[in-house]
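This report walks through a structure with two chains, taking the strands and sheets before the helices and the contact between the chains.

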Amino acid sequence: MSINPDKTIKFSPMHRLQWEEAQQKNVILYPEGMVELNQSSAEILKLCDGTRTLGEIVSDLEQKFATAGLADDITAFLEVALKNGWIQQN
Amino acid sequence: MAGSNKINITPPRWLLAELTYACPLQCPYCANPIDYAKHQSELDTEDWKRVLTQARKMGAVQLGFSGGEPLTRNDLPELVKHARGLGYYSNLITSGYGLTEEKIVQLKESGLDHIQVSIQASTQELNDHLAGTESFQHKKEVAHLVKKHGYPMVLCVVIHRENIHQMPQILEMAEELGADYLELANTQYYGWAHANRDLLLPTKEQFEQAEQIAQAFKEKVAGKMKIYYVVPDFYEDRPKACMNGWGTTFLTIAPDGAALPCHSARELPGLDCPNVKDYSIEQIWNESKAFNFFRGFEWMKEPCSSCDEKEKDFGGCRCQAYLLSGDMYAADPVCSKSPNHHVIQEAIDSAKASALADNEKPLIFRNSKNSRLLS
């Protein structure tokens with residue numbers, strides 16, 4: 001399963017992304033389960049709002065963190081996210 | 001035997017709110033205690049709201065509304081709304097009985113995240129027999145409605161000797177109903193299932209065949225449907241890491257307000273489970289005798305105390321140790337290192353003999369009359 005670079009990416013309506021104060025981290029919630037996210041994974045998923053493609057997510061994050069060369073890491077993570085059903089492409 | 005103060009106490013993550021023991025179904029493997037009819041009183045709406053607020057503040061995030069049948073509580077939408085406001089992920093664990101489209105919409109608007117519907121078998125005849133109530137068609141309609149209104153739909157089927165031969169049809173049914181998750185829960189032998197074990201425990205051959213079919217299906221539907229497979233620990237060599245360790249993650253509140261480290265803990269002697277009417281969740285979780293009882297490793301006996309796997313499985317399940325050996329401090333007899341391990345083979349043999357007997361005794365259905373008779 002791989003990301004289609006031409007299509008936008010949105011977070012799955014079957015999951016919920018949420019900041020957990022008690023854990024001081026973002027988590028993904030789904031039926032009877034929870035995945036704890038590190039900061040960079042959470043930053044990527046927050047941009048999966050159905051308006052951006054993979055390339056746009058990469059450039060937005062590179063700009064936000066004033067860095068370059070994030071494409072490989074972001075692509076790899078989003079492929080895992082797609083496989084787990086956390087994100088969708090229409 | 002209370003745990004020492006040195007133990008690092010982690011906050012609860014999972015709150016199981018057993019709203020009521022009332023249920024229109026009579027499943028003979030129900031996890032409610034045998035003597036549930038003795039515990040008639042129920043917390044009121046304000047009590048539950050306080051419990052939800054206090055547990056959320058400590059860090060609980062997954063919330064199960066369960067029972068009994070939680071739909072019998074008229075304040076369910078109000079509690080769901082309160083839970084959503086606090087940031088819980090709310091799971092409704094229901095038989096589907098009494099669930100209408102209107103209610104499904106109302107609960108969605110109140111903020112319910114997911115509905116888990118139980119089905120007893122793949123045929124109407126067996127489903128209705130096991131449930132002790134005519135319910136099969138309605139359950140299937142409910143499953144469709146749950147999907148229609150955009151909930152993730154979890155289908156839960158408890159597996160045992162009466163339905164294990166239907167595994168291929170059960171999987172087909174899950175696919176046809178469009179389940180997002182399928183929970184195949186091999187029966188755990190507590191409560192009513194313990195009383196009916198001779199009639200419910202499958203043979204090793206039956207279990208292995210069913211597991212193989214489920215495994216192949218899992219690969220086939222990968223990416224479309226997730227399968228939660230609960231293993232029958234009687235055919236395992238090592239015990240399950242029950243509750244992810246006592247008092248580390250799970251908090252169950254029984255209908256009458258008793259706070260339990262696991263939903264079977266009521267059966268253990270001398271725990272003095274505290275009630276949410278008397279104490280806050282924080283006091284209960286951090287300070288109560290019951291929640292500290294099996295925290296850490298100091299309570300363990302041999303072979304657990306010197307076992308190099310004790311941090312992995314915590315000696316297994318305390319309720320199972322008590323039910324099968326009479327000693328709640330003992331190793332879970334499922335473990336092949338347990339001196340009581342022979343009771344597992346005896347249970348398997350006894351179930352097999354029962355299956356082969358000419359006059360197999362009938363299942364004991366879970367209802368108030370039988371609860372009073374047996375307790």
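In chain B, residue B:Phe65 has B:Leu92, in β3(B), as its bridge partner. The two strands concerned are β2 (residues 62–66) and β3 (residues 89–94) of chain B, which run parallel and are joined by 4 bridges. Strands here are DSSP runs of E with at least two residues and helices are runs of H or I with at least four, both numbered from the N terminus, and two strands pair if DSSP finds at least two bridges between them.

The model is a predicted one, in which local features need pLDDT of at least 70 and side-chain atom pairs count only at pLDDT 80 or more, while totals for chains, interfaces and linings use all residues. Residues are numbered from 1 along each chain as its sequence is written, and chains are lettered from A and ligands numbered from 1 in the order in which they are written.

The pair β2 and β3 belongs to an open sheet of 9 strands in chain B, with the order β7-β6-β5-β4-β3-β2-β1-β8-β9 and mixed pairing. At its edges stand β7 (226–230) and β9 (259–260) of chain B, each of which pairs on one side only. Alongside its 9 strands, chain B has 15 helices.

For the chain as a whole, the radius of gyration, taken over C-alpha atoms, is 20 Å in chain B, which agrees with the value near 21 Å for a compact globule of 375 residues, the globule rule being 2.2 Å times the number of residues to the power 0.38. The C-alpha atoms of chain B fill a box of roughly 55 × 50 × 45 Å along the principal axes. Of its 375 residues, 49% count as buried, a residue being buried if 20 or more other C-beta atoms, placed from the backbone, lie within 10 Å of its own.

Chain A has an open sheet of 3 strands in the order β5-β1-β6, with antiparallel pairing. Because β5 (49–53) and β6 (87–88) of chain A each have a single partner strand, one side of each is left without a neighbour in the sheet. The table sets out the two pairings of β1(A).

| Strands | Bridges and sense | Residue opposite A:Lys10 |
|---|---|---|
| β1(A) and β5(A) | 2 bridges, antiparallel | A:Asp49 |
| β1(A) and β6(A) | 2 bridges, antiparallel | A:Gln88 |

In helix α1 (residues 39–46) of chain A, the residues A:Ser41, A:Ile44 and A:Leu45 are buried. They cover an arc of only 95° around the axis, so they lie on the same side of α1(A); the arc is that of the directions from the helix axis to the C-beta atoms. Among the elements that cover these buried residues are β1, β2, α2 and α3 (71–83) of chain A.

The contact between the chains takes 13 residues from chain A and 17 residues from chain B, two residues being in contact if their C-beta atoms, placed from the backbone, lie within 7 Å. On the side of chain A that touches chain B, β2 (16–20) and β3 (25–30) of chain A are the elements that give two or more residues, and the largest share, 3 residues, comes from β2(A).

Notes. Buried ≥ 20, exposed ≤ 12 C-beta atoms within 10 Å, placed from the backbone.
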